Amino acid sequence: MGKVVLVTGVARQLGSRFVRRVLRDPEVDRVVAVDAVTPAHSLGGADFVRADIRHPAIARVLAEHVVDTVVHLDVTGTPLGGGGRVALKETNVIGTMQLLGACQKSPYVRRLVVKSSTNVYGSAPRDPAYFTETTAAKSLPSGGFAKDTVEVEGYVRGFARRRPDVAVCVLRFANILGPHADSPLADYFSMPVLPTVFGYDPRLQFVHEDDVIEVLRIGAREPERGTLNSGTFNIAGDGVLLLSQCARRLGRPTVPTPLPAVTWLGSALRTLGLSDFSPEQLRLLTHGRVVATRQMRETLGFRPTYTTAGAFEDFVGSRGPGLLPPEAVARTVDRIAELAVPGPGGRTRT
């Protein structure tokens, strides 16, 4: 029998795309797609099972379908439908616990892939220039999705110790962007005006959703010769962008605001449901975060198609023009630079 792959979180765009992609893999015999919500997107020829991973019944699904590979994508920072933060945390943490418990009992499971996030490193003023997979966070996340990912990874490490026969691959993704991006940061960049923290211009990294699909596929299959797809890997596109560069490329004006005022504004935006301007996102937009991707290239054998700038450019193209067209901003900046050139006698032209 070929591989039987179970994928969680298929009601989301990313999950359904991965299901359709892995169905084309000649090594895969069958795909079992699981979610508590019926997907609005096509799952191709996958077998959809409506099940809540927070409940022990998920163990029965693994047993009935003789699943040997589990790809856990239902760890996310945005609630689906009308679910709130409490339900989201339960799915992220309790759901992962139940799923890992089911995998531990199953004699068939041989490979586990978990979607995690670089949020596990937090964001703090004394952070290193680059986080490697073994770098400890200077300030552990105290709440929200970032804390969920820390707890999820802790449970995954415990599972790996109890089931050393299972190949476990944890993929820590940088901020995922693309035409179909669904994340708090994508919501932030979609605002007509971007509130920023006065005095800070953080470095940011992105990974394109197409590259996310491909690296998940690499993690779910047998490793190619000379590579190893068990362990923990940072996943991000090459390069970094400053928040100010992102704003210019979007054509959106920024409003530098003192930190206390941004905190209050974030609470107001969350109350109105306009953006999940959470404390963890506020820290990211203050201090930034950049990860090293050497292990992704040399050990996992994955090289992203999109750079950080390329992923952001594709995201910008899907959002339409902002209030300040980038071409007009560029012309204005060039004009100011020309006016600042010293003229004859050392005086600046005006």
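## The largest cavity

Strand 1 (3–8) and helix 6 (209–220) each put at least two residues into the lining of the largest cavity. Keep in mind that this is a predicted model. The full lining is made up of K3, V5, V22, D25, E27, V28, R217, A220 and R221, and the space they surround has a volume of about 50 Å³.

What classes of residue make up this lining? There are 4 nonpolar and 5 charged residues, with no polar ones.

## The second largest cavity

The count comes to 2 cavities of 30 Å³ or more. The second largest cavity holds about 40 Å³ of space, and its lining consists of T118, A174, N175, Q205, R289 and V291. By class, that lining splits into 2 nonpolar, 3 polar and 1 charged residues.

## The second largest pocket

Now for a pocket. The second largest pocket has a volume of about 290 Å³. It is lined by 17 residues, and D35, A36, V37, L80 and T91 are the closest to its centre. The lining of this pocket divides into 9 nonpolar, 3 polar and 5 charged residues.

Which elements each supply at least two residues of the lining of the second largest pocket? Strand 2 (28–35) and helix 3 (85–105) both do, and helix 3 gives the most, with 3 residues.

Note on methods:
Residues are numbered from 1 along each chain as its sequence is written. This is a predicted model: local features need pLDDT of at least 70, side-chain atom pairs count only at pLDDT 80 or more; totals for chains, interfaces and linings use all residues. Side-chain values use heavy atoms; hydrogens and water are left out. On a 1 Å grid over the protein atoms alone, a cavity is a set of points where a 1.4 Å probe fits but cannot get out, and a pocket is an open set with protein on both sides within 12 Å along at least five of seven lines; lining residues have an atom within 4 Å of a point. Grid points are joined across faces, edges and corners, and a volume is the space filled by probe spheres set on the points. Helices (H or I, at least four residues) and strands (E, at least two) are DSSP runs, numbered from the N terminus. Ala, Val, Leu, Ile, Met, Phe, Trp, Tyr, Cys and Pro count as nonpolar, Asp, Glu, Lys and Arg as charged, and the others, Gly among them, as polar.
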